Amino acid sequence: MVKRAFTLAEVLITLGIIGVVAAITIPSLNQKLEDQRNMSSLKKVYSILQQATNMVISEHEAPEYWWIEDGKEEPVKIIYEYYKPYFNAMRMCPNTTGCWGYPTKNLNGSVYWSEHNSSWYQYSYTLADGVNVLLDIYDAGNIPNFGMNINYPCPVFWVDINADKLPNQIGRDIFAFLVTRKGLQPAGLDNTDSCITGGSGWGCVSRIIRDGWTIKYL
């Protein structure tokens with residue numbers, strides 16, 4: 001009986017095919033695993049922000065009494081101090097660098113923030129589990145960009161769930177929550193049209209929650 005073995009050429013071709021398949025599938029699998037970890041972190045920080053907001057409202061009444069005004073440092077500072085006791089933070093950055101990764105990009109790849117600007121009055125924290133949280137105030141004219149039908153200014157918590165790691169992209173690893181008269185609400189409750197490849201990604205949290213804490217829009 002003649003025993004047939006693989007030739008060197010056949011072995012090299014087979015290894016080449018395996019390499020090509022691995023090069024195609026491994027990055028995709030790694031991205032799915034990263035998305036799963038990110039969604040777990042997002043769910044956790046949503047709970048933290050929600051509990052903190054409930055405590056802040058119970059102590060300082062509803063947000064309409066917080067002197068919410070865009071473009072002023074004092075309102076952001078006051079809200080920052082309201083929330084500070086309820087965050088287990090390892091870093092605090094009161095309108096300074098160190099707790100947020102730049103550049104911050106929209107989902108479509110355009111740059112939203114290229115670097116920290118002290119005139120924007122943004123206060124940020126890095127939580128003990130490595131999540132970056134940035135507090136800002138947006139006026140009524142900008143709130144619809146978050147997919148919310150609200151006609152008054154709101155504090156907004158931007159959450160970067162993997163800290164300074166890439167892609168630092170809204171709708172991928174950065175998400176927004178708004179403090180409204182109804183308490184903390186995930187962006188996109190009224191409109192998630194920004195959750196497409198060419199969109200800003202600002203209103204994606206509600207879409208993620210509706211899809212069972214998964215990203216299905218990419």
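Helices and strands are here DSSP runs, numbered from the N terminus, with at least four residues for a helix and at least two for a strand. In this predicted model, Ser-194 has its place in the loop between β8 and α3, the latter spanning 204-210. Since buried means under 20% relative accessible area, Ser-194, at 14% relative accessibility, counts as buried. Leaving aside the neighbours within four places in sequence, Ser-194 is in contact with Leu-107 and with Gly-199, Ser-200, Gly-201, Trp-202 and Gly-203.

The strand that precedes this loop, β8, belongs to an open sheet of six strands, which are arranged in the order β1-β4-β5-β6-β7-β8 with antiparallel pairing. β1 (89-94) and β8 stand at the edges of the sheet and have a single partner strand each, so one side of each is left without a neighbour in the sheet. Direction ignored, neighbouring strands of this sheet are turned against each other by 25 degrees on average. Helix α2, made up of residues 73-83, lies across β1, β4 (123-127), β5 (132-138), β6 and β7, and runs at about 25 degrees to β4.

Within the sheet, β7 can be followed through its pairings on either hand. Strands of a sheet pair through backbone hydrogen bonds, either parallel or antiparallel. Strand β6 (residues 154-160) is joined to β7 by five bridges, and the two run antiparallel; in this pairing, Val-156 has Leu-178 of β7 as its bridge partner. Four bridges pair β7 with strand β8 (residues 183-186), again in the antiparallel sense, and here the bridge partner of Phe-177 is Pro-186 in β8. β7 and β8 form a hairpin, with two residues between them.

How many residues of strand β7 (residues 174-180) are buried? Seven of the seven are, and the strand is thus mostly covered. In a regular strand the side chains alternate between the two faces of the sheet. In β7 both faces are covered, with Ile-174, Ala-176, Leu-178 and Thr-180 buried on one side and Phe-175, Phe-177 and Val-179 buried on the other.

The structure also holds one cavity of 30 Å³ or more, and about 40 Å³ of space lies in the largest cavity. The lining of the largest cavity consists of Thr-96, Thr-97, Gly-98, Cys-99, Trp-100, Tyr-102, His-116, Gln-122, Ser-124 and Leu-134. These lining residues divide into four nonpolar and six polar, with no charged residue.

Several loops contain backbone features that deserve separate mention. Most residues other than glycine have a negative phi, and most peptide bonds are trans. Tyr-102, one of the residues that line the largest cavity, is linked to Pro-103 by a cis peptide bond with omega near 0 degrees, and Pro-103 is found in the loop between β1 and β2 (104-105). A cis peptide bond also joins Leu-166 and Pro-167, with omega about 15 degrees; the place of Pro-167 is in the loop between β6 and β7.

Positive phi values occur at Trp-67, where phi is near 55 degrees, and at Tyr-121, where phi is near 55 degrees. Trp-67 lies in the loop between α1 (8-60) and α2, and at 42% relative accessibility this tryptophan counts as partly exposed. Tyr-121 is found in the loop between β3 (111-113) and β4, and because its relative accessibility is 22%, Tyr-121 likewise counts as partly exposed.

Key. Residues are numbered from 1 along each chain as its sequence is written. This is a predicted model: local features need pLDDT of at least 70, side-chain atom pairs count only at pLDDT 80 or more; totals for chains, interfaces and linings use all residues. Side-chain values use heavy atoms; hydrogens and water are left out. Buried means under 20% relative accessible area, exposed over 50%, partly exposed in between (1.4 Å probe, protein chains only). Two strands pair if DSSP finds at least two bridges between them. Contact means heavy atoms within 4.5 Å. Axes are lines fitted to C-alpha atoms, for helices over the stretch in contact, and angles run from 0 to 180 degrees between N-to-C directions. On a 1 Å grid over the protein atoms alone, a cavity is a set of points where a 1.4 Å probe fits but cannot get out, and a pocket is an open set with protein on both sides within 12 Å along at least five of seven lines; lining residues have an atom within 4 Å of a point. Grid points are joined across faces, edges and corners, and a volume is the space filled by probe spheres set on the points. Ala, Val, Leu, Ile, Met, Phe, Trp, Tyr, Cys and Pro count as nonpolar, Asp, Glu, Lys and Arg as charged, and the others, Gly among them, as polar.
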